[in-house]
Amino acid sequence: MSSADKRSTERDARPANQGSDQGRDQGPRPGRLTAAAAVAGLEALALLAGGLYLLVTTLTGDPGDPTSALMGAVTLIALGLIPFAAARGLLLRRSWSRGPAVITQILALPVAWQLLQADSLMIPAGIVLAVIAVTGLVLLASPTTTEALGIRRPGQDAS
């Protein structure tokens, strides 16, 4: 038997769910996991809305630097796709989705800090963003969430 045939036989002998995120028990989704997905989805919508708003105002208005304004709009839209994918992955219980969701929360904290430093109406927005980011981090670090995603703690047996 050739090595290619052996690999094919070994692959066929494995359970279909081994090595994939789809084989996990699909019982009721924990509320914390759903809430974490909602937080990531909310952030995705905010980034996409901000990017679209900036894009429309750039194209219809008279920006001082159209290239920078357009690049900012495209950047916000592209950044909005990351928490959107993470939210979808969390809802589908994909273990990979926790990483982008955590990174999104961590990146939101310095933005919230900058908003809190402003002497304007941006201070309440900074407070809201900070609360959302910390809430998202707490939800994503919850043992219930990590268990539902099939993420093992260091030293935990694979069973």
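L59, L70, M71 and V74 come together as a nonpolar patch of about 390 Å² on the protein's surface. Keep in mind that this is a predicted model. As for the overall build, the protein has six helices and zero strands, so here's a quick tour that starts at the patch and then moves to helix α4.

**The nonpolar patch**
- Helix α3 chips in the largest share of the patch, with three residues.
- One of the patch residues, M71, sits in helix α3.
- M71 counts as exposed because its relative accessibility is 53%, and the cut-off for exposed is over 50%.

**Helix α4**
- Helix α4 covers residues 98-116, which makes 19 residues.
- From first C-alpha to last, α4 reaches 27 Å, close to the 27 Å expected at 1.5 Å a residue.
- Its buried residues are A101, T104, Q105, A108, A112 and L115.
- In an α-helix, residues three or four places apart point the same way, because there are 3.6 residues a turn.
- The cover over the buried residues of α4 includes α2 (31-60), α3 (66-91) and α5 (122-141).
- That puts α3 in two parts of this story: it helps cover α4, and it gives the nonpolar patch its largest share.

**The whole chain**
- Going along the sequence, you get α-α-α-α-α-α.
- The protein has 159 residues, and 25% of them count as buried.
- Among contacts with a separation of 6 or more, 68% are between residues 24 or more positions apart.
- About 10300 Å² of the protein is exposed, with carbon and sulfur atoms supplying 65% of that area.

Terms used. Residues numbered from 1 in each chain as written. Predicted model: local features only at pLDDT ≥ 70, side-chain atom pairs only at ≥ 80, totals over all residues. Heavy atoms only, no water. Helix = DSSP H or I, 4+ residues; strand = E, 2+ residues; numbered from the N terminus. Expected span 1.5 Å × (residues − 1). Buried < 20%, exposed > 50% of the residue type's maximum accessible area, 1.4 Å probe, protein only. Contact = heavy atoms within 4.5 Å. Areas by Shrake-Rupley, 256 points an atom, 1.4 Å probe, with all protein chains shown as cover. Patch = residues over 30% accessible without salt bridge, like charges linked within 9 Å, V, L, I, M, F, W, Y side chains within 5 Å. Salt bridge = Lys/Arg side-chain N within 4 Å of Asp/Glu carboxyl O.
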